[in-house]
Amino acid sequence: MTVPIYVPHSTGERNYRKADHCLYCEKVIYGDISKHCLMRHSDREKVKQIIASPLHSSERTRLLYEIRQLGNYKHNTKVL
């Protein structure tokens, strides 16, 4: 089932729901990409680093941001 990114509402409000793409399985994730990576790809090296780092640390945030950006970049280069 595909869910559109932008759905106009009858009230005229905008929907700011953003889709992220998984770096490893290339799925479109509309929810929490970090939760997806930690649950589904815990055997990968970068995800192991995230699990080893303390919660709410700047290192963990940076690594999660990097995985999110690399997944979106991989998808965008494939689309072009």
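These legends walk through several close-up views of one predicted model.

**View 1. The whole chain, with three helices and two strands.**
Start with the overall layout: going along the sequence, the elements come in the order β-β-α-α-α. The chain has 80 residues, and 28% of them are buried. About 6200 Å² of the chain is exposed, with carbon and sulfur atoms supplying 55% of that area. Among contacts with a separation of 6 or more, 29% link residues 24 or more positions apart.

**View 2. How confident the prediction is, from strand 2 to helix 2.**
The average pLDDT of the chain is 88, and 84% of the residues score at least 70. Which element has the highest confidence, and which the lowest? Helix 2 comes out highest, at 96, while strand 2 is lowest, at a mean of 92.

**View 3. Helix 1 and its buried face.**
Helix 1 takes in residues 33-40, and Ile33, Ser34, His36 and Cys37 are buried in it. Looking down the helix axis, these buried residues fit within an arc of 160°, so they line one face of helix 1. There's a simple bit of helix geometry to keep in mind here: an α-helix makes a turn every 3.6 residues, so residues three or four places apart point the same way. Flip to the other side of helix 1 and you find Lys35 and Met39, which are exposed. What covers the buried residues? The cover includes strand 1 (20-21), strand 2 (28-29), helix 2 (45-52) and helix 3 (58-79).

**View 4. The largest nonpolar core, built from eleven residues.**
Here are the members: Cys22, Leu23, Tyr24, Ile29, Ile33, Cys37, Val47, Ile50, Leu63, Leu64 and Ile67. Helix 1, helix 2 and helix 3 are the elements that give two or more residues to this core. Helix 3 gives the most, with three residues. As background, nonpolar side chains tend to be buried together in soluble globular proteins.

**View 5. A closer look at Ile29 and what it touches.**
Ile29 is one of the residues of the largest nonpolar core. Setting aside residues up to four places away in sequence, Ile29 touches Lys18, Ala19, Asp20 and His36. His36 is also one of the buried residues of helix 1.

**View 6. Helix 3, from end to end and side to side.**
Helix 3 has 22 residues, and at 1.5 Å a residue it should span 32 Å; the C-alpha atoms at its ends are 31 Å apart, which agrees. Its buried residues are Arg60, Leu63, Leu64, Ile67, Gly71 and Asn72. They cover an arc of only 160° around the axis, which puts them on the same side of helix 3. Ser58 and Tyr73 are exposed, on the face turned away from that buried side. Strand 1, helix 1 and helix 2 are included in what covers the buried residues of helix 3.

**View 7. Cys25 in the loop between strand 1 and strand 2.**
Is Cys25 buried, exposed or partly exposed? Its relative accessibility is 29%, so Cys25 counts as partly exposed. Leaving out neighbours within four places in sequence, Cys25 is in contact with His36 and His41. Cys25 and His41 sit 16 residues apart along the chain, and their C-alpha atoms are separated by 8.8 Å.

Definitions and conventions
Residues are numbered from 1 along each chain as its sequence is written. Side-chain values use heavy atoms; hydrogens and water are left out. Helices (H or I, at least four residues) and strands (E, at least two) are DSSP runs, numbered from the N terminus. Buried means under 20% relative accessible area, exposed over 50%, partly exposed in between (1.4 Å probe, protein chains only). Contact means heavy atoms within 4.5 Å. Accessible areas come from the Shrake-Rupley method with a 1.4 Å probe; for residues, only the protein chains shown count as cover. The arc is that of the directions from the helix axis to the C-beta atoms. A nonpolar core is a set of buried Ala, Val, Leu, Ile, Met, Phe, Trp, Tyr and Cys residues joined through side-chain atoms within 4.5 Å. The expected span of a helix is 1.5 Å times one less than its number of residues. pLDDT is the predictor's confidence in each residue, from 0 to 100.
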